[in-house]
Amino acid sequence: MATRMQQRRGTASTWTSANPILAAGEIGFEIDTNKFKIGDGSNRWANLTYFSDSAAITNLIDGAPALLDTLNELAAAVGDDPAFFTTVTNNLALKAPLASPALTGTPTAPTAALGTNTTQVATTAFVDAAIEALASRNLVLDGGGV
């Protein structure tokens, strides 16, 4: 079965008045002049050049495998998941919010240095060290008796 491709098309005056930005690699064909331009994703129609010589077309075709390789690399990076955006959105919904998170399991946090007096989370290790330091200080002040 043959592959069928369809490009955006319109008259030269339609293209000129709309002056769109074609996506990178997107073809815009003028049906009344049989000329076409290929978008780069940033320049408007008026700033693109017509492809009219075989050398430009050959360069475009020769560059296509690299573009396809890039698309294949992107597909592999997202695990060939056609619903990648939905998958990521659903996975993010499972994460705790930044404001007032309700943590489950056994959450961990870095232990602050003894003497830290900030709004940093105090772990049990920090509290134990602070109590031990306070108890040691009191023992020294009391002369070491219990």
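Q: Why is the meeting of the Arg-8 and Glu-26 side chains called a salt bridge?
A: Happy to start there, noting that this is a predicted model. The nitrogen-to-oxygen distance between the Arg-8 and Glu-26 side chains is 3.3 Å, and the cut-off for a salt bridge is 4 Å, so the pair qualifies. The two residues come from distant parts of the chain, 18 residues apart: Arg-8 belongs to strand β1, and Glu-26 to the loop between α1 and β2. In general, side chains of opposite charge can pair when their charged atoms come close. The structure holds 1 salt bridge.

Q: What makes Arg-8 count as partly exposed?
A: Its relative accessibility is 36%. Partly exposed covers what lies between under 20% and over 50%, so Arg-8 fits that class. Glu-26, with a relative accessible area of 21%, is partly exposed too.

Q: Why is the aromatic pair of Trp-15 and Trp-45 called stacked?
A: Two values decide this one. The ring centres of Trp-15 and Trp-45 are 4.2 Å apart, and pairing needs centres within 6.5 Å. Their planes make an angle of 15 degrees; planes under 30 degrees apart count as stacked, so the label follows. This pair also links distant parts of the chain, with Trp-15 in helix α1 and Trp-45 in the loop between β3 and β4, 30 residues apart.

Q: Why is the pair of Trp-45 and Tyr-50 called edge-to-face?
A: Here the planes stand at 90 degrees, and the centres are 6.4 Å apart. An angle over 60 degrees counts as edge-to-face, and the centres must lie within 6.5 Å, so both conditions are met. Trp-15, Trp-45 and Tyr-50 form one aromatic cluster.

Q: How do you know whether Trp-45 is buried or exposed?
A: The relative accessible area of Trp-45 is 2%, and buried means under 20%, so Trp-45 is buried. Tyr-50, at 33%, is partly exposed.

Q: What makes the charged end of Lys-37 sit over the ring of Tyr-50?
A: The charged end of Lys-37 is 4.5 Å from the ring centre of Tyr-50, against a limit of 6 Å, with a further condition of lying within 35 degrees of the ring normal. Lys-35 has its charged end over the ring of Tyr-50 as well, 4.8 Å from the centre.

Q: How do you know that the side chain of Asn-19 has a polar atom close enough to the backbone nitrogen of Trp-45 for a polar contact?
A: The two atoms lie 3.2 Å apart, and the cut-off is 3.5 Å, so the distance condition is satisfied. Asn-19 is found in the loop between α1 and β2.

Notes. Residues are numbered from 1 along each chain as its sequence is written. This is a predicted model: local features need pLDDT of at least 70, side-chain atom pairs count only at pLDDT 80 or more; totals for chains, interfaces and linings use all residues. Side-chain values use heavy atoms; hydrogens and water are left out. Helices (H or I, at least four residues) and strands (E, at least two) are DSSP runs, numbered from the N terminus. A polar contact is a pair of N or O atoms within 3.5 Å; within protein, one must be able to donate a hydrogen and the other to accept it, and residues adjacent in sequence count only if both atoms are side-chain atoms. Buried means under 20% relative accessible area, exposed over 50%, partly exposed in between (1.4 Å probe, protein chains only). Rings of Phe, Tyr and Trp (its six-membered ring) pair if their centres lie within 6.5 Å; planes under 30 degrees apart count as stacked, over 60 as edge-to-face and the rest as tilted.
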